[in-house]
Structure formats: structure tokens, C-alpha cells
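Let's take a friendly walk over the surface of a protein model. Have the picture ready as you read, and look for each residue as it comes up.

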Amino acid sequence: MDPLPIVLPTVPPPTRRPSLPLLAAAMPVVSGFVLWAITGSLFALCFAALGPLMMLASLADAARGRRRERRRNADEAEEGWSRAESELARLHGEELQRLRSRHPDAASALLESPLRGAPADVNTLVTVGAGDGVSVVRSTGGEGERARSFQERSRVIADAPVRVPLGTGICLRGPRRLADAGARALVIQLCLRFAPAQLVLVGESLEEHGFAELPHASGGHSGMRVGVGAAGDRRPAADCLIWVVDSEGEVPDGITTVIDLEDPRRATLRTPEGSSELAVECLSRDQLQAVARHRLETGGGGASLPTTLAFPDLDQHPSPSGLPAAIGRALDEDVVIDLVEDGPHAIVTGTTGTGKSELLVTWVTAIASVHGPDRVNFVLADFKGGTAFEPLRQLPHVVAVVTDLDEHGARRGVSSLTAELRRREGRLAAAGVRDIRDADMPRLVIVVDEFAALLHEHPDLGAVFTDIAARGRALGMHLVLGTQRASGVIRDALAANCPLRLSLRVADAADSRVMIGTTAAAELPGGADGRGLAMVRRPQDQQPRALRIARTGAKDLAGVAARWADAAPPRSPWLPPLAELLPLTELQAAEGGTGEGEALWGRADDPAAQAQPAFRVRIGQDRGIAVIGAAGSGKTTALRVLEEQIPDATRIPTDPEAMWDAVTELAAGGAPPSRLVVCDDIDARLAELPAEYAQQLVQHWERILRSNPGTTFAISASRPSGPAGRLLEFLPTRALLRTGSRVEHLAAGGETSGFDPHRPPGRARVGESEVQIAWTDPRGSATGDPAVPEWAPTSALSGLVTPAPAAMTERLRAAHPQCDVRIVAASTGSAAAQGAQSSGPVVLVGDAESWQREWSLGQRVRAEGDLLVRAERPGDLRQLTGIREVAPYCRPHEGRAWLVRGGEQPLRVVLPWAVQRAVPQPGLGRSDAGPSDGGPSDAGSRPATTVSRSATASSRRERRVQGQ
């Protein structure tokens, strides 16, 4: 990025001369004359003289202030110009340093070995000297000639590298010795920048010029051919030329870059774009020989970074104490880094597409190729899609491959790594040693790709990694953190414990300096040629070292995995997630049964202890469990798992009538409940009941939960709200399954981050633990339908309260022809008396109003026989019998009725003949339905598509009666 422009000081505005204080000077004069006129004293005229004196003093003081302001403005402007000059010198110096680093001449290449990336071609730029160049520095502000001069100077950088394309050819023309010295400097520059495999020197006078000692002149290479020669030599077959001619010599054809030399500091460069002045670098023959002998030969000049490198080309050697790994090749040898000796932790940086993931894969493979799972284990974390480390899963050393974590997964990671620290500390303490070198324990290497993404999603993990970095050396835990940039991502406390640094190409020079101390990583070539080029710096290195990273293929990984195929599987510090399906039979087989009074319920996830123990319920000791979850979340199975293991468990039926009877019996204390009482979907069961029954049932449940301390209650619900919520509060243990929405999850006591709409069935949050509840096959549907007795007239006198007496009378007569069925009317009393002479039982049928008018008759029927009240009219029961307690619940529209005998409590009975049957229309098929009485429809029967006209009319009459 271009630097910010330099702000020049502004020209101070000229100071204005103040106006004469005429009015202030005139006032004393006028006042003096007025006093003289009044008093006649000549001393008053002396007062008038003060006016001119004050005016003169004011003018003198203003002049002195203007001079002081001009001096201050001048000093400030000069100070500003001084700062601007210093800033210009600094920016030009930094820019010149960058230019010389990117485009080195021979001297710069000797001071710092340039990186050998892409091979030379005709477009390669060669530094032919130093001259004025266009600077990126700009300035703003200021006025006048000085500002214009500064702006012009800021646009020009002196002694900048002057570059020309190598393919156009270069001709040096001038005194022969001077031209030869300049040619040597150009040739040695190219030889330092490019390896012999990338550039070849050709020409018949290489020996004469001293170039034959260079390895680039040995031939046999296929790189770019640079012809070197002088006037009179035969022109070689080359891709480009560096030619020397005398001052008056002719430039060879095809060369469009000519340098006319007068002396080393004064030369003229001519190209098709124009001419410019420059200073040319020169090199003597002795200097050339010294460079060839001490730099190019002994310093690796004969080698280069390979353009490609495969993993089998590297030699791996194990170490009894460290973890050495050859990951690439430098100029002259393989590069071996030891995470133990050079670490204990490392940082790897590189922008997208530079090969950072390939480097990490090669590093892991290199360590695993010579060190078994008993020596080293790997935890691999990939936060850029989950595919970078997928090939490494086949290595037996890899104990966990972690991809992008959700909130729950992040918490598991924090707990797992913290637990591993504590476990290793305990192992070392138990062995009485302070370092893992003296303990029989494998090292654990945690490799993270895209560490910045990990910290962005889960900041809590940053503190865990910092803790591992601080204590990991002695415990044998090592970090390899990959990120696109280190500055602003890796904190100082963490970076201080990561002395081993590897950097591929980075976008900013500042990031390169943070990583390896120089800008070399920012100057690595981009594109396909730069992929896999890296800089490595160990703590003992004075300068970073360039290398080519080896590529690891699928065959290489398969070979490493096959070598350790018979090794015992290592222990994983990062437990896998709980299984989404846990059969109860497998859980019982794994745990070897249960103790007395226990039931296996599932398996818990305890990463803090690096374990997944079985979750058990102490039947009879645990007060109760509330299971909350939406439909399909597994709450019914959770109850069935407990019920299957307790033979004498009590299941509350799902049928409303049977449920009412069971709960009422338990609340009455007639029989003590078993050790386990199970009730499924209690909120749905309560919703099926009328309000008064639901309220009464809740009171029964509260009495049951309070008075049975030796019983474990397992109750499920979809929502812990309303009356069901009151009951669930009695149960100390709450298992929260998947809920229908985040609001329901929070209402059930869950955390905001814990809501997951894709939570698998049976996965519950119990306290602080994540539990996968076991699964078992349904053993059949236990609905618990009650055996409701059918009523038949056995007493001499019976009564039926129904809203449709006429229709019900006909049904009753058809069902019981031996009975004398009568409608309660005004003459009911005499009819009842005559009924005593009847040969069969008398059944009186009437609506509530008729029975209320014949109150004494109703009491007689209740005392001597059976009084029946249809279940659809609970108000009639209270009105005619005076019973205020809630009668047994009856399903409406299914022929249910309450039977009252004397002072006894109402009983539930069924009147089969009172159930409405659908009447088929002729031509629609047969039906077993009988004639309709126009009463309430049977909820348990399927209504016919059409009904007869008479049935419809009868239905209308009954609705009118019920409305009354």
C-alpha cells in the first residue's frame, strides 16, 4: 500500500497593521479642554496631552507584537518543514530498501540471498544500475516555490534500481575494461538470482571473461540460455545477449538496450522509451572469482529450490527424544524441523492458495512415518470446511479430526483439552517425574488449520490454547497453529511460546516481519509457481531459510498407515460425540447389568473427565424425573426404557377414564404405588379433560407426589407450562429433549445456546450433562381402556335422566322388552304406583326439568333402585342428586352414564343402546347401525356420509332440547 501523503506546513498569513486608536486618543483631549474651560486651570491642558501619548504607545506596542508573531510563525513553519524533510527521507529510504530487496543488484544479492522461485525468461527484469525513479511518496498542502520544489523532490527517488527486460538484450559500450566490469556485475547478479537449472551461460569467450568458473557455465542444463560475449566474438545461439563493445563499436542487431559508460558513476541508458542517466555497478575479475568460490559453490550456488518435490524424495530419520520431520528441501539439503527441540509449538502462516494445508498434511505424515502411535498422537482441527485433514484419518496416530464446531462442540473441546492437561499432570506426578521424556506416555500434537476462524467463533478456546502453550513442553502437548496472518490473531502470550515459525506467502510485509523477522515471506512469488514455497525460522536461526514443501499423495499416506496397521489404537483425549442411537441391549451388555434398585437410562457425555459413563436412575431413591420434549423427540421411549427394567412399574394409562381411575386410586391411598410410576404426555392428558376434571386431577397428582417419598416418578410433557408445569416442579431431575421452538426451550429451563432444532431423538440435557437416552422396541400399546360395566335393569324401579326422553324411550324398550318403560310426566306419581303391579321392572325416562318437577319420585327411585344420568350432562347430576364431588370421568358421546344408588358415590356405566349409530342412505351399502335417537353422536364411531331425513329431524329436536 502507498504511504499516506506528507502534509506540508501552510504559509502563515501576514500580520495586519492595527488601525489608529483615534477615538481613544481624542477622549483625553476633549476631556482636558472641558476641564480647562470649567476650572480655568492650565493643568487641565496637561491632561489633554495624554491622548496623543497613549496613541503613540499603543502603536509601538502593536508593532512589537507583530514582530513577535512573525518570528513565531516563521519558527513553526520551519519546524514543520523540518518534519516534512525527515518524513520524506524516511519514506524514500524505506521505499528504496523495498525496491532493492525486490530487484537486487549484485551487491544486494550478496548481502541477502534472493529467493529462487520461477525460472528466468525473456520478461525477467535485470537491474542495470541506479538512477532517479518515480516514487510513490506524495505531499499535500503548502504554498509557494518551496512547496512546489518539495513536491517535485518527493516524486523522485534517487539511486533507485533501474530495470530492463532481459529478453531485449543488453549492450555495454565504453572503455573495454569498464564495460567488462559492468558485464561481470550483470552476469553475477543473474547467477545469484537463478540456479544453474534455471539459467545457463553460453559463449566462446566465457573463459576470457572469467565466467567459466561459474556453475551456470557448465552446460547440460535446460534453463534459459544467456549469451555473453564481446565485439569480434561469434554470436552464440541464446535466448538473450549481454554484449560488450568499444566506445565506437556497433551495437549488435536485436539488442535494444544500450549502456554508454564514461565512468562507473556516470553512464547513459538508451532504450526505445528514451534516455536516462544512471550509475553502473562494476565488478573486477578477482571479485568475480571470490564470489564464484565462496558464495556460489560453498554457499549453495550450485543448487536451487526444486520446482516440484514429492514426499518419498525426503529422507526421514526417527529420534528417541524428539519429533524430527523432513518437510521440504532448501537450496542444498532437506529441511528437518523438530517440534520438540525447535518448538515446543509452531505457527504456520500463508494466504489462501499458498499451500498451507498441504504443509500441515506433509508435516503430520512426516512425523507419523517414523514415530509410532505409542510415541505421538494427533488431534486435527479444521475450520475451513472440514476437508483439509480428511486424508489423514487413516493414520492410526490420529485420535480425533474436529471440523467446524457448534457451541456445544466448542464446550466439549474446552473441557476435553483441559482434562487432558490435568490427566497428564497427574500421570507425571504419579510417576515422580517432571518431564514427559521420563514417562511412558505419547506426545500429543494439536494441529489447527484456520486458527483465526476458531477464535472468532469460540473465543473461550483462546485461553485454553494459551494455557497449553505455557505448560505443554513438560506435558508433551504441542501446538501447530495455521492461520492466514499472525498479527492481530495470535496473542502475544501465545506467540511467545511458539518460537518455531513457518510462513508461506503473506500479503503484508508487516505480517512477514512479525513471523520471521524479515519481509521475505511477503516477497515470495504468487500464483502456481509460488505454491509450496515457504520460509522457516527456528529459534537458533539468524535468518529465515527458504524451502520447497513436499507434496504428500494418497499412496504416501496409505504406506504410512500400513506400516503402523498392527499398532494398538491410542487413547483419544477428544471423545467422539454420543451415538444418536443407543439400543438398551447394547448398553446393558457394555455395562454388565445394574445394581439393586438401579435402572440404566442412557450414556452421559463427560468431556471434563474424558469419559462417557452410563447414566443410571436409582429407582425408589431418586425422587422423580421430568422429561420435556416435542413430539418425536423420544420422551415416550425414555419412559419405556425405565419401565422395561422395572417389572412392577406402574404406568398411568393414556385413556382418560382409565387415567382418572388410576390417579384417583393412588391419591386415595387404597394401595401403595410401586417403586416406579410412569406417566406419558401429562400435559396432553390434562388438555383432554374438562377444566374441572383437569383441576381435580392436578390436585390428586400433587397429593400423590407429596405422600410417596419411596417412589420414583417419571413424567413426560411437551411443555412445562400451565397445570402440568406445577406438577413437574415437584420432580428434582429434569431431562430436556428437543423442543418445538427456542421460546419453549427457554421456558423449560434450557440455555439460549443449547437450542438445536436438529437435535437427535433421545438426546437430553440433564443438569450439566449431555445424555443420550437408550432406545428399546415398543412392547405393544398399553392404552389401559377400562372395563366399564354395562347397565341392565335389575331393580323394580329405575330412572334415566336424558335430554331426549322420547327417542331414548324407544331405544330402551327395544333393548329391554321385558321392562315397562315410561316417560316422566305430570301423572308420573300414579304411573309409578301402578308400576308396582307390573310384571317387569319399571324404567322412568325424563329430562332434568321433568325429574325436578317430580322431585319425590326421583328420590324414591334413587332410594329403591338405580338412577342413571347421561355423562354429557354433568350439571344434571349435581342438580338432581346434590352431589358436589366430581364424579368419575366419562368419555362423552360414547353411551356413558353415572349410576347413583342411595347415598353411594356415582359409578360409571355404559348404555350400549344409547350410542347413536349412523344410518346409511339406501344404495350406499350395508351398515350395522340402528335407528338414530337424535341424541349426541358417538365419538368412537365413524359417522356415515349421509343420514336419512327422519334422523336429521330427530337430531334437530334433540339439539333444541339440549339447548333448553
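## A patch of positive charge

R68 is partly exposed, because its relative accessible area is 40%, and partly exposed covers values between 20% and 50%. Keep in mind as you look that this is a predicted model. You can find R68 in helix α3.

Which residues gather with R68 in a patch of positive charge? They are R67, R70, R71 and R72, and together with R68 they form this patch on the surface.

## A nonpolar patch

Now look for another kind of patch. L35, F47, L50, L53, M54 and L56 make a nonpolar surface patch of about 570 Å². Which helix gives the largest share of this nonpolar patch? That is helix α3, which spans residues 50-102 and supplies 4 residues.

One member to pick out is L56, which sits in helix α3. Is L56 buried or exposed? L56 counts as exposed because its relative accessible area is 53%, and the cut-off for exposed is over 50%.

## A residue in a loop

Our last stop is E213, found in the loop that runs between α7 (206-209) and β7 (224-230). With a relative accessible area of 40%, E213 is partly exposed.

How far apart are E213 and Q289 in sequence and in space? Along the sequence, 76 residues separate E213 and Q289, while in space their C-alpha atoms are 7.4 Å apart. Try finding E213 and Q289 both in the sequence and in the 3D view.

Notes. Residues are numbered from 1 along each chain as its sequence is written. This is a predicted model: local features need pLDDT of at least 70, side-chain atom pairs count only at pLDDT 80 or more; totals for chains, interfaces and linings use all residues. Side-chain values use heavy atoms; hydrogens and water are left out. Helices (H or I, at least four residues) and strands (E, at least two) are DSSP runs, numbered from the N terminus. Buried means under 20% relative accessible area, exposed over 50%, partly exposed in between (1.4 Å probe, protein chains only). Patches are made of residues with over 30% relative accessible area and no salt bridge: like charges are joined within 9 Å, nonpolar side chains (Val, Leu, Ile, Met, Phe, Trp, Tyr) within 5 Å. Accessible areas come from the Shrake-Rupley method with a 1.4 Å probe; for residues, only the protein chains shown count as cover. A salt bridge is a side-chain nitrogen of Lys or Arg within 4 Å of a carboxyl oxygen of Asp or Glu. Lys and Arg count as positive and Asp and Glu as negative; His and the chain ends are not counted. The place of a charge is taken as NZ of Lys, CZ of Arg, CG of Asp or CD of Glu.
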